Amino acid sequence: MATSSISTQRTLLGPALPNIPWQGRPAGLSDVVWRYDANPVIPRDATTTSNSIFNSAVVPFEGAFAGVFRCDDRRRIMDLHTGRSADGIHWTIDPQPIPFACDDPEIGAFQHRYDPRVCWIEDRYYVSWCNGYHGPTIGLGYTVDFKSFVQMENAFLPHNRNGVLFPRRINGKYAMYSRPSDTGHTPFGDIFYSESPDLVHWGKHRFVMGPKSWTWQSTKIGAGPTPIETTEGWLLFYHGVLTSCNGFVYSFGAALLDLDQPWKVIHRTAPYLMSPQRLYECVGDVPNVVFPCAALTDADTGRIAIYYGAADTVTGLAFGYVDEILDFLKSNSDV
């Protein structure tokens, strides 16, 4: 593991983010990913109608931060809301759900929306989420200002979850990871790669990786935040699930994938990077869950800030350095 607190090289490929939310590693801790000591950064009742706010996506926006948040209301209806923050830590969440504009009323008809990711591609912010259309599938939309949102065609047939777009085209095509599933709380799941010429027609589906027996990721896995481009490959944080005698336990790890063929795994963490261990991760509407959905990066320092859902109730924040995470991957790889 690297010992320097700041990267000496630009391993991260992308812009600088000097105002990235950040807190240094606690003294005496050797973990390559550590929690913000004032977690959760977003409580379950940050709006007047929310039962819980978790599994949400954050991006830099106009010198500050914006995002799309999963807010389950007090009817327990799952929908997406916008949020703004000056520092990435203190958030104001819109109490009203996003009113997506959609040309086709059949596709735009609301059933449920949850677990969003947000990704800047070329000239706009694309939102992907688990969309209700005769079962769960991958909804897609976009915004340029976090005020007006347009809903596009669903990416895939039901049943699918954890649709995560790449931040640029791969070999001229848009690209996405997803996790085919079933109608319920899926007791299985592999990550697949797909590509599209236009974000409407998807194909060239390729297997990426699946669960590992008798480990923290033995039941199912799913892509987390937008893949992070580095000089060594795509860094992907992903969640893994084991089935314990008391139900599912969600932890998260990381994988490094080929830049030109992102279905090819170079390294993959055998140990998890984080598991549910704090009270707010172990106790909530769904106990024992850490579920990463967004990551901010600063190319100048190698800093990464990871937003994750905790116990399907609140939103937490964790930190790490890209070089330390990559070194950990190489030293603890299980491909």
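**Exercise 1. Decide whether Val150 is buried, partly exposed or exposed, and find what surrounds Val150.**

Step 1. Val150 has a relative accessibility of 29%. Buried means under 20% relative accessible area, exposed over 50%, and partly exposed in between (1.4 Å probe, protein chains only), so Val150 counts as partly exposed.

Step 2. A word on the model: it is predicted, so local features need pLDDT of at least 70 and side-chain atom pairs count only at pLDDT 80 or more, while totals for chains, interfaces and linings use all residues. Residues are numbered from 1 along each chain as its sequence is written, and side-chain values use heavy atoms, with hydrogens and water left out.

Step 3. Now locate the residue: Val150 lies in strand β9 (residues 150-151). Strands (E, at least two residues) and helices (H or I, at least four) are DSSP runs, numbered from the N terminus.

Step 4. Leaving aside residues up to four places away in sequence, Val150 touches Phe100, Ala101, Leu140, Gly141 and Tyr142. Contact here means heavy atoms within 4.5 Å.

**Exercise 2. Explain why Cys130 is in no disulfide.**

Step 1. Recall the rule: a disulfide is a pair of cysteine sulfur atoms within 2.5 Å.

Step 2. For Cys130, the closest cysteine sulfur belongs to Cys293 and is 11 Å away, which is too far for a bond.

Step 3. Check the whole structure: the search finds zero disulfides. Cys102 is in none either, with the nearest cysteine sulfur, that of Cys130, 17 Å away.

Step 4. Compare the surroundings: Cys130 is buried at 3% relative accessible area, whereas Cys102 is partly exposed at 24%.

**Exercise 3. Classify the ring pair of Phe146 and Phe149.**

Step 1. Rings of Phe, Tyr and Trp (its six-membered ring) pair if their centres lie within 6.5 Å; planes under 30 degrees apart count as stacked, over 60 as edge-to-face and the rest as tilted. By this rule there are 27 aromatic pairs.

Step 2. The centres of Phe146 and Phe149 are 6.1 Å apart and their planes meet at 75°, so the pair is edge-to-face. Both residues are buried, Phe146 at 4% and Phe149 at 4%.

Step 3. Try another pair: Tyr193 and Trp263 are tilted, with 5.1 Å from centre to centre and 50° between the planes. This pair links distant parts of the chain, 70 residues apart.
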